[in-house]
Amino acid sequence: TYEEQVAHRATAPGDRLLGLAPMSLNEAGASLTSAEALVTFLAGPERLDLFVVRTDGVIHRSVPIGARALAERVRVARVLLGGATMGAPVPALLGELHQLLLGPAIDAGSFEGVSRLLVVPHGPLGALPFAALWNRKTGRFLVEDQVLSYLPAVAALAGGRGGAGERLTG
């Protein structure tokens, strides 16, 4: 699905410089370090596709939730986070979203040895603060286990990176 979307996108002359030119997931993996994983999502009407890209390959998992239902969960999570107070219990929805969005990749061992996650959200996930996702198994927020960076698109990896350590974090 991702590869088809990239193949049908028209390019402009400055796209490569801006990191907007098409880039395959295999090319993206080649630009990562062994301690990095790129996580990208595609939200559709009936399912959410999750791709985890590492230097050694790509895994794909599909989650049976549509963009509309996902948008509602993200909206509620933001409201809950906006009203949170210090010392209050973690809202259960943050644990549910962690399991829904990252659980399939965690179960596949995709994040073993990863200290930095590069997140490319799609659709309603653009409004979700991934750092606040709560791993119910470990009792930790995602940001406690990995450094998070946000990219507008997978192709942003190609946009003039000097070295692996030279990346903006979100």
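1. Let's start with Glu 72 and Arg 75, which sit 3 residues apart in helix α4, so about one helical turn separates them. In this predicted model, the two form a salt bridge, with the closest N and O atoms 2.7 Å apart. Side chains of opposite charge can pair when their charged atoms come close. Neither end of this pair is buried: Glu 72 counts as partly exposed at 40% relative accessibility, and Arg 75 counts as partly exposed at 45%.

2. How many salt bridges does the structure hold? The count is 4. Another one to look at is Asp 107 with Lys 137, whose side chains meet at 3.8 Å, N to O. Asp 107 belongs to helix α5 and Lys 137 to the loop between β5 and β6 (140-141), so this pair ties together parts that are 30 residues apart in sequence. Both partners are out in the open: Asp 107 is exposed, with a relative accessible area of 54%, and Lys 137 is exposed too, at 69%.

3. Asp 145 and Arg 140 make a further salt bridge, and here the closest N and O atoms are 2.6 Å apart. On accessibility, Asp 145 is partly exposed with a relative accessible area of 34%, and Arg 140 is partly exposed at 33%.

4. Now for helix α5, residues 92-107. Where does α5 bend? The bend is at Leu 101 and comes to about 50 degrees, with a proline, Pro 104, following within four residues. Leu 101 is also on the list of buried residues of α5, together with Leu 93, Leu 94, Gly 95, Leu 97, His 98, Leu 100, Leu 102, Gly 103 and Ala 105. If you colour those residues on the model, have a look at what they touch. The buried residues of α5 pack against strands β1 (36-43), β2 (48-54), β3 (57-63) and β5 (134-135), and also against helices α4 (67-82) and α6 (142-145). After α5 comes Gly 109, which has a positive phi, near 75 degrees.

5. β1 is one of the elements that α5 packs against, and it deserves its own point. How many residues of β1 are buried? The answer is 8 of its 8, so the strand is mostly covered by the 20% cut-off for relative accessible area. In a regular strand the side chains alternate between the two faces of the sheet. For β1, Glu 36, Leu 38, Thr 40 and Leu 42 point one way, while Ala 37, Val 39, Phe 41 and Ala 43 point the other way, and all are buried. Glu 36 is worth a click here, as a buried member of the first group.

6. What are the strand partners of β1? With strand β4 (residues 116-120), β1 pairs in the parallel sense over 5 bridges, and Ala 37 stands opposite Leu 117 in β4. With β2, the pairing is antiparallel and runs over 6 bridges. A hairpin of 4 residues joins β1 to β2, and Ala 43 has Leu 48 of β2 as its bridge partner.

7. Ala 28 is a handy spot for checking how distant parts of the sequence come together. This residue lies in helix α3, residues 25-30. Is Ala 28 buried or exposed? Ala 28 is buried, because its relative accessible area is 0% and the cut-off for buried is under 20%. Setting aside neighbours within four places in sequence, Ala 28 is in contact with Met 23, Leu 38, Val 53, Val 154 and Leu 157. Of these, Leu 38 is one of the buried β1 residues from point 5. You can also gauge the fold from the C-alpha atoms of Ala 28 and Gly 57, which are 29 residues apart along the chain and separated by 9.8 Å.

8. Finally, the chain as a whole. There are 6 helices and 7 strands, and along the sequence they follow the pattern α-α-α-β-β-β-α-α-β-β-β-α-β. Of the 170 residues, 40% are buried. Among contacts between residues at least 6 apart in sequence, 59% join residues at least 24 apart. As for the surface, the chain exposes about 8900 Å², and carbon and sulfur atoms supply 56% of that area.

How values were computed: Residues numbered from 1 in each chain as written. Predicted model: local features only at pLDDT ≥ 70, side-chain atom pairs only at ≥ 80, totals over all residues. Heavy atoms only, no water. Bend = angle between axes of the 7 residues up to and from the residue. Helix = DSSP H or I, 4+ residues; strand = E, 2+ residues; numbered from the N terminus. Buried < 20%, exposed > 50% of the residue type's maximum accessible area, 1.4 Å probe, protein only. Contact = heavy atoms within 4.5 Å. Areas by Shrake-Rupley, 256 points an atom, 1.4 Å probe, with all protein chains shown as cover. Pairing = 2+ DSSP bridges.
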